[in-house]
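Q: Please take a close look at a single part of this structure, a sheet and the aromatic contact associated with one of its strands. A connected account would be appreciated.

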Amino acid sequence: MARGGQGDPTDWVTRAADDAVRHAGEGKRVTVSSGASPSGPVHLGNLREFLTVHFVADELERRGVEVRHLHVWDDFDRFRRVPAGVDPAWSEHIGRPLSAVPDPWGCHDSWAEHFKEPLREALAELGVEMDEVSQTERYRAGLYRSAVRTAVDQRHEIEAILARHRTRKEAESVESDAEEEPPVGPSDELARFPFKPYCSSCGRDTLDLTDFADPVLAYTCRVCSHQGHFDLDSDTDGKLVWKVDWPMRWAVEHVDFEPAGMDHATPGSSFTVGHELVEKVFGMPRPAWFGYGFVGFAGMQKMSSSAGGVPTAADALRILEAPILRWLYVRRQPRQTFNIDFGPEVVRLYDEWDALGRKAATKRDVAVLAFERAAATSSAGTLRTPRVVVPFRTLASVADVTAGSAELISRVIDRVGHEHSSVDDLEPRLSRAIHWTTEFVAESDRTVVRETPDDERLAALSSQEETWLRLLLDGLPGGDLDVDPVTTLVYGVPKLARGLAVDASPTDEVKADQKEFFRLLYNLLVGKDRGPRLPTLIVALGRETVQSLLTPGRPTTGQRPSSSS
(Lines give C-alpha, C1' and ligand atoms only; values in the text may rest on other atoms or scores of the structure.)
Protein backbone atom coordinates (compact mmCIF):
# COMPACT_ATOMS: atom_id res chain seq x y z
CA MET A 1 0.00 0.00 0.00
CA ALA A 2 1.46 3.37 -0.99
CA ARG A 3 1.65 6.02 1.68
CA GLY A 4 2.23 9.69 1.86
CA GLY A 5 -0.98 10.91 0.26
CA GLN A 6 -2.70 14.01 1.55
CA GLY A 7 -4.52 13.27 4.78
CA ASP A 8 -2.69 9.98 5.42
CA PRO A 9 -1.61 9.51 9.04
CA THR A 10 2.08 9.83 9.80
CA ASP A 11 4.21 8.29 12.53
CA TRP A 12 7.84 7.94 13.62
CA VAL A 13 8.48 5.56 10.71
CA THR A 14 7.25 8.13 8.19
CA ARG A 15 9.51 10.81 9.66
CA ALA A 16 12.57 8.54 9.81
CA ALA A 17 12.06 7.52 6.18
CA ASP A 18 11.81 11.20 5.19
CA ASP A 19 15.10 11.90 7.02
CA ALA A 20 16.83 8.98 5.28
CA VAL A 21 15.71 10.19 1.84
CA ARG A 22 16.93 13.72 2.57
CA HIS A 23 20.28 12.32 3.67
CA ALA A 24 20.72 10.21 0.54
CA GLY A 25 19.33 12.79 -1.86
CA GLU A 26 16.18 12.55 -3.93
CA GLY A 27 16.30 9.77 -6.52
CA LYS A 28 19.28 7.97 -4.96
CA ARG A 29 19.42 4.62 -3.26
CA VAL A 30 18.90 4.81 0.49
CA THR A 31 20.93 2.66 2.87
CA VAL A 32 19.45 2.06 6.31
CA SER A 33 21.63 0.08 8.67
CA SER A 34 21.40 -2.07 11.77
CA GLY A 35 24.20 -3.79 13.62
CA ALA A 36 24.65 -6.31 16.40
CA SER A 37 27.32 -8.38 18.03
CA PRO A 38 26.57 -12.13 18.11
CA SER A 39 28.15 -12.42 21.55
CA GLY A 40 25.11 -14.22 22.97
CA PRO A 41 21.40 -14.80 22.35
CA VAL A 42 19.92 -11.98 20.30
CA HIS A 43 17.17 -11.11 22.76
CA LEU A 44 14.03 -9.01 22.57
CA GLY A 45 15.98 -5.90 23.51
CA ASN A 46 18.32 -6.42 20.54
CA LEU A 47 15.31 -7.11 18.31
CA ARG A 48 14.38 -3.43 18.51
CA GLU A 49 17.55 -2.64 16.52
CA PHE A 50 16.51 -4.95 13.68
CA LEU A 51 12.82 -4.05 13.59
CA THR A 52 13.33 -0.30 13.87
CA VAL A 53 15.45 -0.30 10.72
CA HIS A 54 13.18 -2.83 9.01
CA PHE A 55 10.10 -0.64 9.43
CA VAL A 56 11.94 2.33 7.87
CA ALA A 57 13.17 0.18 4.97
CA ASP A 58 9.67 -1.20 4.44
CA GLU A 59 8.17 2.29 4.37
CA LEU A 60 10.66 3.32 1.70
CA GLU A 61 9.90 0.20 -0.35
CA ARG A 62 6.20 1.04 -0.21
CA ARG A 63 7.03 4.46 -1.64
CA GLY A 64 8.94 2.88 -4.51
CA VAL A 65 12.30 4.14 -3.23
CA GLU A 66 15.34 1.94 -3.87
CA VAL A 67 16.48 0.93 -0.41
CA ARG A 68 19.01 -1.39 1.15
CA HIS A 69 18.58 -2.70 4.69
CA LEU A 70 22.20 -3.36 5.58
CA HIS A 71 22.82 -5.44 8.67
CA VAL A 72 26.36 -5.63 9.98
CA TRP A 73 27.36 -8.52 12.21
CA ASP A 74 30.13 -7.40 14.55
CA ASP A 75 31.52 -10.93 14.62
CA PHE A 76 35.13 -9.68 14.50
CA ASP A 77 34.67 -8.26 18.00
CA ARG A 78 36.53 -9.98 20.82
CA PHE A 79 35.06 -12.76 22.95
CA ARG A 80 34.84 -10.99 26.29
CA ARG A 81 33.66 -13.47 28.90
CA VAL A 82 32.35 -16.98 29.43
CA PRO A 83 28.64 -16.82 30.30
CA ALA A 84 26.98 -19.03 32.88
CA GLY A 85 26.24 -22.51 31.62
CA VAL A 86 29.25 -22.69 29.29
CA ASP A 87 32.30 -24.82 30.05
CA PRO A 88 34.77 -22.60 31.97
CA ALA A 89 37.47 -23.99 29.68
CA TRP A 90 36.14 -21.55 27.07
CA SER A 91 38.02 -18.82 28.95
CA GLU A 92 40.90 -20.01 26.77
CA HIS A 93 39.21 -18.12 23.90
CA ILE A 94 38.78 -14.75 25.64
CA GLY A 95 40.28 -12.08 23.40
CA ARG A 96 39.75 -13.98 20.14
CA PRO A 97 37.21 -12.89 17.49
CA LEU A 98 33.70 -14.24 18.04
CA SER A 99 33.94 -15.83 14.60
CA ALA A 100 37.06 -17.78 15.70
CA VAL A 101 35.63 -19.13 18.97
CA PRO A 102 34.33 -22.72 18.66
CA ASP A 103 30.67 -23.41 19.30
CA PRO A 104 30.59 -25.08 22.75
CA TRP A 105 27.33 -26.81 21.79
CA GLY A 106 28.91 -28.28 18.66
CA CYS A 107 26.07 -27.43 16.27
CA HIS A 108 27.57 -24.48 14.35
CA ASP A 109 30.92 -23.51 12.90
CA SER A 110 31.58 -20.83 15.52
CA TRP A 111 30.25 -19.05 18.57
CA ALA A 112 29.05 -16.22 16.32
CA GLU A 113 27.12 -18.51 13.96
CA HIS A 114 25.47 -20.28 16.89
CA PHE A 115 23.69 -17.05 17.82
CA LYS A 116 23.13 -15.70 14.31
CA GLU A 117 21.21 -18.68 12.95
CA PRO A 118 18.21 -18.73 15.36
CA LEU A 119 17.68 -15.02 14.78
CA ARG A 120 17.73 -15.45 11.00
CA GLU A 121 14.91 -18.00 11.29
CA ALA A 122 12.88 -15.75 13.57
CA LEU A 123 13.40 -12.70 11.34
CA ALA A 124 12.21 -14.68 8.32
CA GLU A 125 8.98 -15.47 10.20
CA LEU A 126 8.71 -11.77 11.11
CA GLY A 127 9.00 -10.76 7.44
CA VAL A 128 12.36 -9.02 7.88
CA GLU A 129 14.67 -9.11 4.88
CA MET A 130 18.15 -7.61 5.07
CA ASP A 131 21.56 -7.66 3.42
CA GLU A 132 23.84 -9.27 6.00
CA VAL A 133 27.56 -8.55 6.06
CA SER A 134 30.19 -10.00 8.36
CA GLN A 135 32.91 -7.74 9.77
CA THR A 136 35.20 -10.77 9.87
CA GLU A 137 34.76 -11.33 6.16
CA ARG A 138 35.06 -7.66 5.29
CA TYR A 139 38.27 -7.08 7.24
CA ARG A 140 39.88 -10.32 6.10
CA ALA A 141 38.99 -9.61 2.48
CA GLY A 142 40.79 -6.25 2.72
CA LEU A 143 37.63 -4.30 1.88
CA TYR A 144 38.34 -1.81 4.66
CA ARG A 145 42.06 -1.43 3.96
CA SER A 146 41.76 2.05 2.46
CA ALA A 147 39.56 3.25 5.31
CA VAL A 148 41.96 1.75 7.86
CA ARG A 149 44.80 3.64 6.21
CA THR A 150 42.77 6.86 6.47
CA ALA A 151 42.24 6.26 10.18
CA VAL A 152 45.92 5.51 10.81
CA ASP A 153 47.06 8.57 8.84
CA GLN A 154 44.69 10.76 10.86
CA ARG A 155 45.25 9.03 14.20
CA HIS A 156 46.27 12.28 15.91
CA GLU A 157 43.00 13.96 14.84
CA ILE A 158 41.10 10.90 16.02
CA GLU A 159 42.81 10.97 19.41
CA ALA A 160 42.09 14.69 19.79
CA ILE A 161 38.38 14.06 19.14
CA LEU A 162 38.27 11.08 21.48
CA ALA A 163 40.07 13.05 24.20
CA ARG A 164 37.49 15.81 24.06
CA HIS A 165 34.71 13.30 24.65
CA ARG A 166 36.57 11.19 27.20
CA THR A 167 35.07 11.74 30.64
CA ARG A 168 35.27 10.02 33.99
CA LYS A 169 31.72 8.78 33.54
CA GLU A 170 32.60 7.30 30.15
CA ALA A 171 35.75 5.69 31.49
CA GLU A 172 33.75 3.94 34.20
CA SER A 173 31.01 2.69 31.85
CA VAL A 174 31.13 -0.18 29.41
CA GLU A 175 28.82 0.04 26.42
CA SER A 176 27.06 -3.21 25.69
CA ASP A 177 29.16 -5.56 23.56
CA ALA A 178 31.74 -2.87 22.73
CA GLU A 179 35.34 -4.03 22.83
CA GLU A 180 37.41 -3.21 25.90
CA GLU A 181 40.50 -1.10 25.43
CA PRO A 182 43.69 -3.04 26.31
CA PRO A 183 45.95 -1.76 29.10
CA VAL A 184 48.22 1.15 28.29
CA GLY A 185 51.44 0.03 26.60
CA PRO A 186 54.87 1.58 26.60
CA SER A 187 53.77 4.82 24.93
CA ASP A 188 50.54 6.78 25.06
CA GLU A 189 50.48 7.15 21.28
CA LEU A 190 50.71 3.40 20.66
CA ALA A 191 48.27 2.66 23.49
CA ARG A 192 45.70 4.90 21.76
CA PHE A 193 46.48 3.63 18.26
CA PRO A 194 43.15 3.35 16.34
CA PHE A 195 43.92 -0.11 14.94
CA LYS A 196 44.49 -3.31 16.90
CA PRO A 197 45.84 -6.55 15.40
CA TYR A 198 45.03 -10.04 16.63
CA CYS A 199 48.11 -12.04 17.68
CA SER A 200 49.41 -14.12 14.77
CA SER A 201 50.38 -16.88 17.21
CA CYS A 202 47.42 -17.30 19.61
CA GLY A 203 44.74 -15.26 17.82
CA ARG A 204 43.96 -12.97 20.76
CA ASP A 205 43.87 -9.19 20.92
CA THR A 206 45.83 -9.09 24.19
CA LEU A 207 48.65 -7.09 22.65
CA ASP A 208 50.95 -4.25 23.63
CA LEU A 209 52.00 -2.28 20.58
CA THR A 210 55.72 -1.62 20.81
CA ASP A 211 56.52 0.24 17.61
CA PHE A 212 55.05 1.64 14.41
CA ALA A 213 57.29 1.93 11.37
CA ASP A 214 54.71 2.66 8.72
CA PRO A 215 53.13 0.40 7.51
CA VAL A 216 54.29 -2.18 10.12
CA LEU A 217 53.08 -2.43 13.70
CA ALA A 218 55.23 -4.35 16.19
CA TYR A 219 53.62 -5.96 19.21
CA THR A 220 54.08 -8.31 22.15
CA CYS A 221 51.25 -10.61 23.25
CA ARG A 222 50.60 -10.49 26.98
CA VAL A 223 49.18 -14.04 27.00
CA CYS A 224 51.49 -16.11 24.81
CA SER A 225 54.49 -13.68 24.85
CA HIS A 226 54.73 -13.84 21.07
CA GLN A 227 56.54 -10.88 19.50
CA GLY A 228 55.07 -10.22 16.10
CA HIS A 229 54.49 -7.72 13.31
CA PHE A 230 51.39 -6.62 11.43
CA ASP A 231 51.67 -5.05 7.97
CA LEU A 232 48.75 -2.67 7.37
CA ASP A 233 49.22 -3.02 3.61
CA SER A 234 48.98 -6.83 3.47
CA ASP A 235 47.86 -8.43 6.73
CA THR A 236 44.18 -8.75 7.58
CA ASP A 237 43.76 -10.17 11.11
CA GLY A 238 43.03 -6.93 12.91
CA LYS A 239 40.42 -4.21 13.18
CA LEU A 240 39.81 -0.60 14.05
CA VAL A 241 38.90 0.11 17.66
CA TRP A 242 35.16 0.24 18.22
CA LYS A 243 34.64 4.00 18.30
CA VAL A 244 36.48 4.34 14.98
CA ASP A 245 35.14 1.20 13.36
CA TRP A 246 31.52 2.33 13.51
CA PRO A 247 31.92 5.69 11.72
CA MET A 248 34.29 4.05 9.24
CA ARG A 249 31.53 1.64 8.34
CA TRP A 250 29.03 4.49 7.88
CA ALA A 251 31.39 6.11 5.41
CA VAL A 252 32.29 2.97 3.46
CA GLU A 253 28.70 1.75 3.21
CA HIS A 254 27.20 5.24 2.66
CA VAL A 255 24.73 4.77 5.50
CA ASP A 256 21.84 7.23 5.45
CA PHE A 257 20.02 6.13 8.60
CA GLU A 258 21.01 4.09 11.63
CA PRO A 259 19.41 4.23 15.08
CA ALA A 260 21.14 3.33 18.33
CA GLY A 261 20.23 2.17 21.80
CA MET A 262 20.16 4.95 24.37
CA ASP A 263 23.38 3.63 25.97
CA HIS A 264 25.18 4.33 22.68
CA ALA A 265 23.52 7.72 22.17
CA THR A 266 24.56 9.58 25.33
CA PRO A 267 27.24 12.32 25.37
CA GLY A 268 30.69 10.81 24.99
CA SER A 269 29.34 7.49 23.75
CA SER A 270 30.50 5.68 20.63
CA PHE A 271 27.58 7.02 18.61
CA THR A 272 28.03 10.69 19.41
CA VAL A 273 31.82 10.45 19.00
CA GLY A 274 31.28 8.59 15.74
CA HIS A 275 29.21 11.46 14.36
CA GLU A 276 32.20 13.75 14.64
CA LEU A 277 34.68 11.17 13.35
CA VAL A 278 32.69 10.24 10.24
CA GLU A 279 32.64 13.87 9.11
CA LYS A 280 36.08 15.10 10.16
CA VAL A 281 38.11 11.95 9.47
CA PHE A 282 36.24 10.01 6.80
CA GLY A 283 34.66 12.96 4.99
CA MET A 284 31.06 11.75 4.99
CA PRO A 285 27.96 13.30 6.58
CA ARG A 286 26.71 11.66 9.75
CA PRO A 287 23.67 9.43 9.13
CA ALA A 288 20.18 10.41 10.21
CA TRP A 289 19.40 8.71 13.48
CA PHE A 290 17.55 8.61 16.78
CA GLY A 291 18.08 6.79 20.07
CA TYR A 292 15.67 4.04 21.10
CA GLY A 293 14.68 2.89 24.57
CA PHE A 294 15.30 -0.39 26.30
CA VAL A 295 12.97 -3.37 26.20
CA GLY A 296 12.47 -5.22 29.46
CA PHE A 297 11.02 -8.60 30.30
CA ALA A 298 9.05 -9.61 33.38
CA GLY A 299 10.12 -6.55 35.36
CA MET A 300 13.74 -6.43 34.12
CA GLN A 301 14.73 -2.87 33.27
CA LYS A 302 17.39 -3.78 30.73
CA MET A 303 18.52 -6.87 28.91
CA SER A 304 22.15 -7.70 28.19
CA SER A 305 22.81 -10.53 25.74
CA SER A 306 25.91 -11.63 27.62
CA ALA A 307 23.85 -12.20 30.78
CA GLY A 308 21.93 -15.20 29.41
CA GLY A 309 18.49 -16.36 30.39
CA VAL A 310 16.60 -13.65 28.53
CA PRO A 311 13.90 -14.31 25.92
CA THR A 312 14.72 -14.20 22.23
CA ALA A 313 12.53 -13.52 19.21
CA ALA A 314 12.16 -17.28 18.72
CA ASP A 315 10.90 -17.59 22.30
CA ALA A 316 8.38 -14.78 21.78
CA LEU A 317 7.11 -16.33 18.55
CA ARG A 318 6.09 -19.44 20.47
CA ILE A 319 3.50 -17.25 22.23
CA LEU A 320 2.80 -14.28 19.94
CA GLU A 321 1.81 -14.27 16.30
CA ALA A 322 4.47 -12.57 14.18
CA PRO A 323 2.34 -9.45 13.44
CA ILE A 324 1.65 -8.96 17.16
CA LEU A 325 5.34 -9.14 18.06
CA ARG A 326 6.07 -6.58 15.32
CA TRP A 327 3.24 -4.40 16.61
CA LEU A 328 4.78 -4.21 20.10
CA TYR A 329 7.73 -2.34 18.57
CA VAL A 330 6.13 -0.22 15.86
CA ARG A 331 3.25 1.18 17.91
CA ARG A 332 5.53 2.99 20.37
CA GLN A 333 7.76 6.01 19.95
CA PRO A 334 11.36 4.81 19.66
CA ARG A 335 12.52 6.49 22.87
CA GLN A 336 9.74 4.86 24.86
CA THR A 337 10.87 1.94 27.00
CA PHE A 338 8.50 -0.96 27.54
CA ASN A 339 8.28 -4.41 29.04
CA ILE A 340 7.13 -7.61 27.38
CA ASP A 341 5.16 -9.74 29.81
CA PHE A 342 4.30 -13.31 28.90
CA GLY A 343 1.92 -13.70 31.85
CA PRO A 344 -1.78 -12.73 31.90
CA GLU A 345 -0.92 -9.62 29.86
CA VAL A 346 -0.78 -11.85 26.76
CA VAL A 347 -4.55 -12.35 26.79
CA ARG A 348 -5.18 -8.60 26.89
CA LEU A 349 -2.61 -8.07 24.13
CA TYR A 350 -4.43 -10.46 21.78
CA ASP A 351 -7.75 -8.79 22.62
CA GLU A 352 -6.29 -5.37 21.74
CA TRP A 353 -4.87 -6.68 18.49
CA ASP A 354 -8.15 -8.27 17.41
CA ALA A 355 -10.07 -5.09 18.26
CA LEU A 356 -7.59 -3.02 16.25
CA GLY A 357 -8.06 -5.34 13.28
CA ARG A 358 -11.80 -4.73 13.39
CA LYS A 359 -11.19 -0.99 13.63
CA ALA A 360 -8.83 -1.12 10.62
CA ALA A 361 -11.73 -2.28 8.45
CA THR A 362 -13.58 1.02 8.92
CA LYS A 363 -11.09 3.69 9.98
CA ARG A 364 -7.54 4.85 9.34
CA ASP A 365 -5.51 6.71 11.97
CA VAL A 366 -2.07 6.41 13.57
CA ALA A 367 -3.10 3.33 15.57
CA VAL A 368 -4.37 1.63 12.41
CA LEU A 369 -1.21 2.64 10.56
CA ALA A 370 0.82 0.77 13.21
CA PHE A 371 -1.49 -2.23 12.69
CA GLU A 372 -0.91 -2.12 8.93
CA ARG A 373 2.86 -1.93 9.36
CA ALA A 374 2.77 -4.88 11.73
CA ALA A 375 0.41 -7.03 9.69
CA ALA A 376 2.18 -6.93 6.31
CA THR A 377 5.38 -5.97 4.52
CA SER A 378 5.95 -4.57 1.06
CA SER A 379 7.88 -7.63 -0.12
CA ALA A 380 6.33 -10.53 1.83
CA GLY A 381 2.74 -9.29 1.83
CA THR A 382 0.39 -10.18 4.68
CA LEU A 383 2.09 -12.21 7.39
CA ARG A 384 0.48 -15.44 8.51
CA THR A 385 -2.55 -15.15 10.80
CA PRO A 386 -5.38 -17.64 11.38
CA ARG A 387 -8.03 -17.92 8.69
CA VAL A 388 -10.62 -18.20 11.47
CA VAL A 389 -9.88 -15.70 14.24
CA VAL A 390 -10.82 -17.08 17.66
CA PRO A 391 -10.17 -14.97 20.76
CA PHE A 392 -6.92 -16.07 22.35
CA ARG A 393 -8.57 -16.31 25.77
CA THR A 394 -11.07 -18.82 24.34
CA LEU A 395 -8.36 -20.96 22.76
CA ALA A 396 -6.29 -20.84 25.94
CA SER A 397 -9.24 -21.82 28.12
CA VAL A 398 -10.13 -24.76 25.91
CA ALA A 399 -6.47 -25.77 25.62
CA ASP A 400 -6.26 -25.76 29.41
CA VAL A 401 -9.33 -27.93 29.89
CA THR A 402 -8.42 -30.38 27.10
CA ALA A 403 -4.73 -30.73 28.04
CA GLY A 404 -3.66 -29.24 24.72
CA SER A 405 -5.16 -31.78 22.33
CA ALA A 406 -5.32 -29.86 19.04
CA GLU A 407 -8.02 -32.06 17.49
CA LEU A 408 -10.23 -31.89 20.58
CA ILE A 409 -9.69 -28.14 20.88
CA SER A 410 -10.72 -27.78 17.24
CA ARG A 411 -13.97 -29.68 17.82
CA VAL A 412 -14.82 -27.70 20.93
CA ILE A 413 -14.02 -24.39 19.24
CA ASP A 414 -16.37 -25.36 16.42
CA ARG A 415 -19.14 -25.96 18.98
CA VAL A 416 -18.61 -22.64 20.75
CA GLY A 417 -19.43 -20.67 17.62
CA HIS A 418 -16.24 -20.54 15.53
CA GLU A 419 -16.88 -22.80 12.56
CA HIS A 420 -13.82 -23.96 10.64
CA SER A 421 -12.89 -26.81 8.33
CA SER A 422 -9.61 -27.97 9.92
CA VAL A 423 -7.14 -27.38 12.74
CA ASP A 424 -4.98 -25.45 10.29
CA ASP A 425 -7.68 -22.77 10.08
CA LEU A 426 -6.89 -21.92 13.71
CA GLU A 427 -3.12 -21.74 13.24
CA PRO A 428 -0.76 -20.18 14.12
CA ARG A 429 -2.78 -18.92 17.10
CA LEU A 430 -3.83 -22.36 18.33
CA SER A 431 -0.26 -23.58 18.82
CA ARG A 432 0.64 -20.37 20.60
CA ALA A 433 -2.32 -20.71 22.96
CA ILE A 434 -1.26 -24.26 23.79
CA HIS A 435 2.34 -23.20 24.42
CA TRP A 436 1.28 -20.26 26.56
CA THR A 437 -1.06 -22.36 28.67
CA THR A 438 1.52 -25.07 29.34
CA GLU A 439 4.59 -22.85 29.73
CA PHE A 440 3.45 -19.55 31.23
CA VAL A 441 0.27 -20.15 33.20
CA ALA A 442 1.09 -20.90 36.83
CA GLU A 443 0.05 -24.35 38.03
CA SER A 444 -2.16 -22.71 40.62
CA ASP A 445 -4.04 -20.92 37.82
CA ARG A 446 -4.49 -24.00 35.62
CA THR A 447 -7.91 -25.58 35.22
CA VAL A 448 -7.80 -29.17 36.47
CA VAL A 449 -11.04 -31.05 35.99
CA ARG A 450 -12.02 -33.24 38.93
CA GLU A 451 -11.42 -36.96 38.48
CA THR A 452 -14.28 -37.96 40.80
CA PRO A 453 -17.38 -36.19 42.11
CA ASP A 454 -17.03 -34.17 45.31
CA ASP A 455 -19.39 -36.45 47.23
CA GLU A 456 -18.99 -34.47 50.45
CA ARG A 457 -20.11 -31.23 48.79
CA LEU A 458 -22.87 -32.96 46.85
CA ALA A 459 -24.21 -34.45 50.09
CA ALA A 460 -24.39 -30.99 51.64
CA LEU A 461 -26.36 -29.37 48.81
CA SER A 462 -29.18 -27.10 49.84
CA SER A 463 -32.61 -27.67 48.32
CA GLN A 464 -32.06 -24.66 46.08
CA GLU A 465 -28.69 -26.00 44.89
CA GLU A 466 -30.25 -29.40 44.19
CA THR A 467 -32.89 -27.68 42.08
CA TRP A 468 -30.25 -25.75 40.13
CA LEU A 469 -28.27 -28.90 39.29
CA ARG A 470 -31.42 -30.85 38.35
CA LEU A 471 -32.56 -28.08 36.00
CA LEU A 472 -29.10 -27.90 34.42
CA LEU A 473 -28.78 -31.65 33.83
CA ASP A 474 -32.37 -31.96 32.59
CA GLY A 475 -31.74 -29.12 30.16
CA LEU A 476 -28.46 -30.41 28.69
CA PRO A 477 -29.17 -32.19 25.40
CA GLY A 478 -27.59 -35.48 24.47
CA GLY A 479 -24.74 -35.66 21.97
CA ASP A 480 -22.48 -32.76 21.10
CA LEU A 481 -23.15 -29.53 22.94
CA ASP A 482 -23.30 -26.09 21.30
CA VAL A 483 -22.32 -22.97 23.17
CA ASP A 484 -25.38 -20.80 22.48
CA PRO A 485 -28.03 -23.11 23.97
CA VAL A 486 -25.67 -24.01 26.81
CA THR A 487 -25.13 -20.32 27.55
CA THR A 488 -28.88 -19.72 27.60
CA LEU A 489 -29.34 -22.68 29.94
CA VAL A 490 -26.52 -21.79 32.35
CA TYR A 491 -27.77 -18.23 32.78
CA GLY A 492 -31.40 -19.37 32.71
CA VAL A 493 -31.32 -22.02 35.48
CA PRO A 494 -31.65 -19.49 38.35
CA LYS A 495 -34.49 -17.83 36.47
CA LEU A 496 -36.33 -21.13 36.01
CA ALA A 497 -35.83 -21.93 39.71
CA ARG A 498 -37.71 -18.71 40.54
CA GLY A 499 -40.54 -19.44 38.12
CA LEU A 500 -39.30 -17.10 35.36
CA ALA A 501 -38.74 -17.80 31.69
CA VAL A 502 -35.14 -18.37 30.56
CA ASP A 503 -35.31 -15.23 28.39
CA ALA A 504 -36.72 -13.03 31.18
CA SER A 505 -34.69 -10.05 32.34
CA PRO A 506 -32.79 -10.99 35.51
CA THR A 507 -33.97 -9.46 38.76
CA ASP A 508 -31.53 -8.55 41.53
CA GLU A 509 -32.40 -11.85 43.24
CA VAL A 510 -31.68 -13.77 40.03
CA LYS A 511 -28.34 -12.02 39.61
CA ALA A 512 -27.37 -13.02 43.14
CA ASP A 513 -28.50 -16.59 42.45
CA GLN A 514 -26.48 -16.71 39.21
CA LYS A 515 -23.34 -15.71 41.11
CA GLU A 516 -23.87 -18.49 43.67
CA PHE A 517 -24.83 -21.04 40.99
CA PHE A 518 -21.70 -20.31 38.94
CA ARG A 519 -19.52 -20.68 42.05
CA LEU A 520 -21.19 -24.03 42.79
CA LEU A 521 -20.51 -25.31 39.28
CA TYR A 522 -16.86 -24.26 39.42
CA ASN A 523 -16.50 -25.96 42.82
CA LEU A 524 -17.99 -29.21 41.56
CA LEU A 525 -16.28 -29.29 38.14
CA VAL A 526 -12.77 -27.90 38.79
CA GLY A 527 -12.52 -27.48 42.56
CA LYS A 528 -12.23 -23.67 42.46
CA ASP A 529 -14.45 -20.64 42.87
CA ARG A 530 -13.79 -19.48 39.33
CA GLY A 531 -12.34 -20.66 36.03
CA PRO A 532 -12.90 -20.53 32.28
CA ARG A 533 -16.19 -19.19 30.99
CA LEU A 534 -18.77 -21.74 32.17
CA PRO A 535 -20.57 -22.39 28.84
CA THR A 536 -17.19 -23.00 27.18
CA LEU A 537 -16.10 -25.26 30.03
CA ILE A 538 -19.30 -27.32 29.87
CA VAL A 539 -19.11 -27.67 26.08
CA ALA A 540 -15.45 -28.72 26.37
CA LEU A 541 -16.21 -31.34 29.01
CA GLY A 542 -19.27 -32.75 27.30
CA ARG A 543 -22.55 -33.86 28.83
CA GLU A 544 -21.30 -37.22 30.13
CA THR A 545 -18.43 -35.74 32.17
CA VAL A 546 -20.57 -32.88 33.48
CA GLN A 547 -23.32 -35.26 34.57
CA SER A 548 -20.86 -37.59 36.29
CA LEU A 549 -19.32 -34.74 38.32
CA LEU A 550 -22.67 -33.29 39.34
CA THR A 551 -24.13 -36.63 40.48
CA PRO A 552 -23.03 -38.30 43.75
CA GLY A 553 -21.09 -41.56 43.57
CA ARG A 554 -20.58 -41.63 39.79
CA PRO A 555 -16.97 -41.98 38.51
CA THR A 556 -15.90 -39.70 35.68
CA THR A 557 -14.34 -40.81 32.44
CA GLY A 558 -11.01 -39.19 33.39
CA GLN A 559 -9.34 -35.98 34.46
CA ARG A 560 -9.77 -34.44 31.01
CA PRO A 561 -12.50 -34.90 28.42
CA SER A 562 -11.78 -37.58 25.86
CA SER A 563 -11.97 -37.12 22.12
CA SER A 564 -15.37 -38.80 22.18
CA SER A 565 -16.88 -36.45 24.79
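A: In this predicted model, three strands form an open sheet in the order β5-β6-β7, and their pairing is antiparallel. The edges are occupied by β5 (207-213) and β7 (227-231), each of which pairs on one side only. On average, and with direction ignored, neighbouring strands of this sheet are turned by 25 degrees against each other.

The contact between β6 and β7 can be described further. Strand β6 comprises residues 216-221 and is joined to β7 by five bridges, the two strands running antiparallel. Within this part, Ala-218 stands opposite His-229 in β7.

Strand β7 also holds Phe-230, which forms an aromatic pair with Phe-195 of strand β4 (residues 195-197). The two partners are 35 residues apart, and the pair thus links distant parts of the chain. In general, a pair of aromatic rings is described by the distance of the centres and the angle of the planes. For Phe-195 and Phe-230, the ring centres are 5.2 Å apart and the planes stand at 45 degrees, so the pair is tilted. A tilted pair is one whose planes are neither under 30 degrees apart, which would count as stacked, nor over 60, which would count as edge-to-face.

Both partners fall under the 20% limit for buried residues. Phe-195 has a relative accessibility of 3% and therefore counts as buried; Phe-230, at 5%, is buried as well. A search of the whole structure finds 28 aromatic pairs, and the contact between Phe-195 and Phe-230 is one of them.

How values were computed:
Residues numbered from 1 in each chain as written. Predicted model: local features only at pLDDT ≥ 70, side-chain atom pairs only at ≥ 80, totals over all residues. Heavy atoms only, no water. Pairing = 2+ DSSP bridges. Helix = DSSP H or I, 4+ residues; strand = E, 2+ residues; numbered from the N terminus. Axes fitted to C-alpha atoms, helices over the stretch in contact; angles between N-to-C directions. Phe/Tyr/Trp six-rings, centres within 6.5 Å; stacked < 30°, edge-to-face > 60°. Buried < 20%, exposed > 50% of the residue type's maximum accessible area, 1.4 Å probe, protein only.
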